[in-house]
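Colleague: I am new to this structure and would like to go through it with you, one question at a time.

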Amino acid sequence: MLTLPALAQSKYTLKGHVTSSVDNLEVIGASVQVEGTTIGTVTDFDGNFTLDVSAPKGNLVISYVGCKTMKVAFSRQKTSFKVVLMEDAEILDEVVVVGYGSMRKKEVTGAVARVAAEELGRVSTSDLGTALQGLVAGVNVQASSGEPGAKSNIQIRGLSSIAGGNSPLYVVDGVPYEGDPGLSSNEIESIDILKDAASAAIYGTRGAAGVILITTKQGKAGEMKVSVDGYYGVQKITSGIDLMNTSESIFVDIMVNRMQEGVNNTDNAAWTSIKQYPVNFFNDSNLYNVVTNNNAPVQNYSVTVSGGQKDLTYNLSANYFDQEGILINSDFKRYNVRSNVNFKRNKWSINTSLSFRIEDQLSPAWDLMTQSYSYSPTSSQVDPDADITQTAGDTNQLTNMSNTLQRIKEYSKKKTEAFNGNFFVGYDVMKGLNVSTRLGIGYSNQKALSVNPVFQLYNQDGEEVTSSTYRSQIRENHAKNSSLTWESMLNYNLKIGKHDIKATGVFSLERYGYESFYASIKDLVSNDINNVNAGTNDMMVGTGSGQWGQDRVNTLVGMIARAQYSYGGRYMASVSLRRDASSRFSKENRWGMFPSVSVGWNISEEQFWKKFKNVANSFKVRASFGTTGNQNFADYSYSAPVNKNYDYTFGLIGKEFLGLGFAQSTFSNADVKWETTQQINGGIDLAFLDNRITFTADVYKSNKRNMLFPMIVPASSGSGQNSTVTLNAGNMENKGFELALGHRNRVAGIDYNMNLTFSRNVNRIVEMAGPSDMYYFADGKPVSTGTDFVTVIKKGYEAGAFFVMPTNGIADTEEKLADYQKIESNARMGDLIYVDTNKNGKINDDDRVYGGSGMPECELGFNLWTGYKGFDLSMNWYASIGNEIINATKIYTYQSKTNKELIYMWTPTNPTSTIPTYRGSKSHNNYRAYSDIWVEDGSFLRLKNIMLGYSLPKSLISRIGINKLRFYVAADNLLTFTPYEGYDPEVGSNGLSRRGLDFGTYPISIQIRGGFQLQF
């Protein structure tokens, strides 16, 4: 006899068929789960599912990416279902993070962009900026270097400062960071970027360069979920510069001799070191092949565990990243661990976030690439692992060999250990009123070890070659960074009918500290000891010095008030005011006020728009005005330092004694004040065909007032050469527009999503103080060992513009030579002709002309994702248009007489060549770095990433308890189209003074990898 309990426990089968409302086709891989349980399955290739249940009744929850989640009731009487999933058209109800809160995207009145985690994870990199490139309109990302661990230059809506920092403020889960927080993409849930000043003004002193808000992954209530993913790949350099071999080098030596003035210039009289050391004739060295490390591996692995219950959720993640460099002596390893725990019960909310990070970075000598360019092919090949080397050659060749060994063997190791803690407590005082406090703690310890190893070099006679400029050395530098952030916040929400009012008040304290000390010693006894015990002479110990190296403390105090209003989601307004004080200013100029206002109108919510809803279902217009400040310059700039070691001898002859002395070495400006940015922004947001097509456009103009600038002080003032003082010395302007177009759909069972971004920003120096309207950057030299400056600050042009000497071909006819000799009497056939632009009869810096800059005129990004029956394909294209590059690598190889193009230079036997003749000196005008012949078009189009993946059917893997198993192959930087002749057109360097100067830059490589993603 069947009892009622037995009947209740007996199983029965549910069957169903799931289709999409978009194309009426079967939905493959839709999740089907019994509500409130872990019982579930997925639809098969025909959109069908079967599921055994025992509960007498309940609900099935059916979900699929891009579709609205549906619930259907089941019972013993209802076991068959036909489900049509509707497209999720609620993109505008997506919640985005803004400063000190969040909002529905529909009600955002500023220029805010969001990037999801899955978009970041497609690129193999340790750098957040590289992953963002091309994804967001108005966010310019340029690689500073291809070196492992290098950080990109991120500029939001152009340059924000000349002397101050141009990097945006990073805020992780509400806590601001000094610089890039060093997160792995595995830790990140989403990124929201505040682009306009009205949105960023809530961060006052820190928001002038924009704000990047990072939300890390949090746990969700339910059963524990585990995710494991990883990849392994290789890297390869695909471009280079052609250098001469031995026979070509000898040929050029002979050609140069033929064109020397004098009677003894026959080929037999042509002097080369090979005549004296014929053994070198058999050399055909190429140092480039020694310093490069093609097929270097890159790998990444991560594990995430998350879950919890209604009141308590957790998310634990760990990541390991390892990238070996494509140059010798370079490598980067990073270990990240993060724990996020959230507790909510009754009126209390308590969140904690703890993260640990360890980084190990190995770096080569700073000019390793340039050293390989200047190495003569007739010199002996170098073994970087040998401690003893013997070679033949003249004094110059032996010196060059010594310098080469120095650079190849030199390296630096840097180890960083960092901890960050974030503790949040919130309490609901009453309906709509919440008070909260957040404490952020950060600490990092860094040890840097620089080694100039000992080695021995012998000449052909067995005599040791010594260098007067090189001594083996070890230097250890220890630095500690600390940060403390405390914020107390009050939020009040009031809703009366269609009126929605939100008020926020915040009091913020921030403290940042830096301490360092170093120890160094020379004349090492062994390369096997990697500490100061290896040295024997000239031990030195001290603390950091200079504006950026000194021990320092920086404090910030902020008070914020914000009010937001919405009427039925139709009319929106937001007003904020932040008052900040910074210790980087004197007491008289310490405080600054930063207001903002923004408004929005959802036109599509109006009655008259209903007739357009079928086509344009959403239409919003926005306008904003905001003020932000910049205090990103050196601490204590308002106070002149007094330095030691200015000792003086006193006393009579024979009775002298040394008195310890201190002196002021630089000037300061006690009146230095806030650099402020005022920006106006207007934008529209449109969505068509139930959000299948979205369009956003923004236009903006920002004015930088009281721009901080390090003005050079004349040496006659007593401060020495190139001494500077920080002044509020000018104004700068950025204006531009941004477009973003998105489209998603499902056609014939194929899901796809594509986005196109376009950005144009025009930067201009509006006003400059001082006696000159143009100043050269101290490091704005294409060749660092030279004296030719090219990047400038000049009124009417963009910051970092190139000003170069114009040329008009070469003197390849007697008529051209005679005409040019009227200005340059020493000119000869084959020489470069400079243009006397001001017609004063001489060639000097007054003849310089604008030669472009490293800033692009516009940028484009195109991103595509498509999926079909378990397969997925994604790609990310990026284009930079209108930027120039000064090919300093070409300059240096011309000056060093190693560039293969020199075999085609002008000679009497090659009179149609356009390449100026080599005159035997780097300083000859033919190859000066300020010449316009080195300026090239740096525009490029790059396939930044392409990925092809396959996810095994859930119906197959769910049997063994796996929710997702995906395999993929991917490539980064696979294709680059550019007219630039150098290594790589992406030359970011420091983002301003050296942007676009390609001098021995660590090259960017192609990466090809395979990986997997596992979830259970």
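Modeller: Before the first question, a definition: buried means under 20% relative accessible area, exposed over 50%, and partly exposed in between, with a 1.4 Å probe and protein chains only. This is a predicted model, in which local features need pLDDT of at least 70 and side-chain atom pairs count only at pLDDT 80 or more, while totals for chains, interfaces and linings use all residues. Residues are numbered from 1 along each chain as its sequence is written, and side-chain values use heavy atoms, with hydrogens and water left out.

Colleague: Which residues of α9 are buried?

Modeller: Helix α9, a DSSP run (H or I, at least four residues) numbered from the N terminus, covers residues 395-409. Its buried residues are Q397, L398, N400, M401, S402, T404, L405, Q406, I408 and K409.

Colleague: Is F507 buried, partly exposed or exposed?

Modeller: F507 lies in strand β27, strands being DSSP runs of E with at least two residues. Because its relative accessibility is 31%, F507 counts as partly exposed.

Colleague: Which element gives the largest share of the largest nonpolar core?

Modeller: A nonpolar core is a set of buried Ala, Val, Leu, Ile, Met, Phe, Trp, Tyr and Cys residues joined through side-chain atoms within 4.5 Å. The largest one has 45 residues, and those with the most contacts inside it are V252, I886, I891 and M905. Among the elements that give two or more residues to this core are α5 and α12. The largest share, four residues, comes from α12.

How values were computed: The expected span of a helix is 1.5 Å times one less than its number of residues.
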